[in-house]
Amino acid sequence: MADHMTPQQRHRCMSRIGSKDTQPELLVRRWLWRQGFRYRLHDKRLPGTPDIVMHQFRTVIFVNGCFWHGHDCEHFRLPTTNTEFWRKKIDNNRRRDRLNRGMLKYAGWHVLTVWECQLTKATRQATLQQLSAQLSTIILDHFQPRPATKPSPYTIGDTTSLAAEP
Ligand SMILES: [Zn+2]
């Protein structure tokens, strides 16, 4: 579990951390926008400040970097230097991610996660199409007729979620 990045590569990798508008996130946002989806960005009122929020369908999307969020994939390698520091740090991030997802789901949100490694040139198209399919399923479910005795859990015509640009 160690990598062989040069300091330059490492720096480039680290410098992306904490950036809100990462390239993978922009890819997802542009795709969704072109598909006609509208959303808010980085809603601080929700656990984990989800990258993309669709209030109408009570859905959030996290676009996660594989290193920072400790994805169990071939893109994730602990650095050879300060390995223990990074292991702890990434473990904490994973724990926090799990907690945030749990809180969101408990509050009735659909939580979708797209990983950086699913957005390479080779994998991008399939990933984005799958995302659209998932969203379609969620939306159909939301607009299923429900028994009149039950109050609707969502608000149709909530325009507050239509504000963001891609
Ligand atoms: Zn990954």
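**Exercise 1. Find which residue stands opposite V60 in β4, then place β3 among its partner strands.**

Step 1. Look across from V60: in β4, the residue standing opposite is V111. Keep in mind that this is a predicted model.

Step 2. Check the sense of that pairing. β3 and β4 run parallel, with 6 bridges between them.

Step 3. Now turn to β2. It pairs with β3 in the antiparallel sense over 3 bridges, and M54 has T59 of β3 as its bridge partner.

Step 4. Look at the hairpin of β2 and β3. There are 4 residues between the strands, and R58 takes a positive phi near 45°.

**Exercise 2. Work out the strand order of the sheet and say which strands stand at its edges.**

Step 1. Begin with the inventory: the protein has 4 helices and 4 strands, arranged along the sequence as α-α-β-β-β-α-β-α.

Step 2. Add the pairing of β1 with β2, which is antiparallel and made of 2 bridges. Here R40 is matched with V53 in β2.

Step 3. Chain the pairs together. The sheet is open, its order is β1-β2-β3-β4, and the pairing is mixed.

Step 4. Read off the edges. β1 (40-41) and β4 each have a single partner strand, so one side of each has no neighbour in the sheet.

**Exercise 3. Decide how many residues of β3 are buried, and which way they point.**

Step 1. Count along the strand: 6 of the 6 residues in β3 are buried.

Step 2. Sort them by direction. T59, I61 and V63 point one way, while V60, F62 and N64 point the other way. In a regular strand, side chains alternate between the two faces of the sheet.

Step 3. Take I61 as a sample. Beyond its neighbours within four places in sequence, I61 contacts V28, P50, D51, I52, L112 and V114.

Step 4. Put β3 into the nonpolar core. The largest such core has 19 residues, and those touching the most other members are V28, L32, Y39, I52, V60, I61 and V114. At least two core residues come from each of α2 (23-34), β2 (52-54), β3 (59-64) and β4 (110-115). β3 is the top contributor, with 4 residues.

**Exercise 4. Show that α2 has a buried side and an exposed side.**

Step 1. Test the length of the helix. For 12 residues at 1.5 Å a residue, the expected span is 16 Å; the end C-alpha atoms of α2 are 17 Å apart, so the two agree.

Step 2. List the buried residues of α2: P24, E25, V28, R29, W31 and L32. Their arc around the axis is only 165°, so they sit on the same side of α2.

Step 3. Go round to the other side of α2, where Q23, R30 and R34 are exposed.

Step 4. Ask what the buried residues of α2 pack against. The list is β2, β3, β4 and α4 (124-142).

Step 5. Finish at the end of the helix: G36 follows α2 and has a positive phi, near 95°.

**Exercise 5. Compare three loop residues, W109, T49 and N82: is each buried, partly exposed or exposed?**

Step 1. Take W109, in the loop between α3 (83-106) and β4. With 20 C-beta neighbours inside 10 Å, W109 is counted as buried. Its contacts, leaving out residues up to four places away in sequence, are R58, T59, V60 and L104. From V60 it is 49 residues away along the chain, yet their C-alpha atoms are 7.0 Å apart.

Step 2. Move to T49, in the loop between β1 and β2. T49 has 15 C-beta neighbours inside 10 Å, so it counts as partly exposed. Its phi is positive, near 45°.

Step 3. End with N82, in the loop between β3 and α3. Having 11 C-beta neighbours inside 10 Å, N82 counts as exposed. Phi is positive here too, near 50°. Most residues other than glycine have a negative phi.

**Exercise 6. Judge where the model calls for caution.**

Step 1. Start with the overall score: the average pLDDT is 84, and 75% of the residues reach at least 70.

Step 2. Find the weak stretch. Residues 155-162 have pLDDT below 50, and beyond near neighbours in sequence this stretch makes 10 contacts in the model.

Step 3. Draw the conclusion. Predicted coordinates should not be read in detail where pLDDT is low.

Technical notes:
Residues are numbered from 1 along each chain as its sequence is written. This is a predicted model: local features need pLDDT of at least 70, side-chain atom pairs count only at pLDDT 80 or more; totals for chains, interfaces and linings use all residues. pLDDT is the predictor's confidence in each residue, from 0 to 100. Two residues are in contact if their C-beta atoms, placed from the backbone, lie within 7 Å. A nonpolar core is a set of buried Ala, Val, Leu, Ile, Met, Phe, Trp, Tyr and Cys residues joined through C-beta atoms within 7 Å. A residue is buried if 20 or more other C-beta atoms lie within 10 Å of its own, exposed if 12 or fewer, and partly exposed in between; C-beta atoms are placed from the backbone. The expected span of a helix is 1.5 Å times one less than its number of residues. The arc is that of the directions from the helix axis to the C-beta atoms. Two strands pair if DSSP finds at least two bridges between them.
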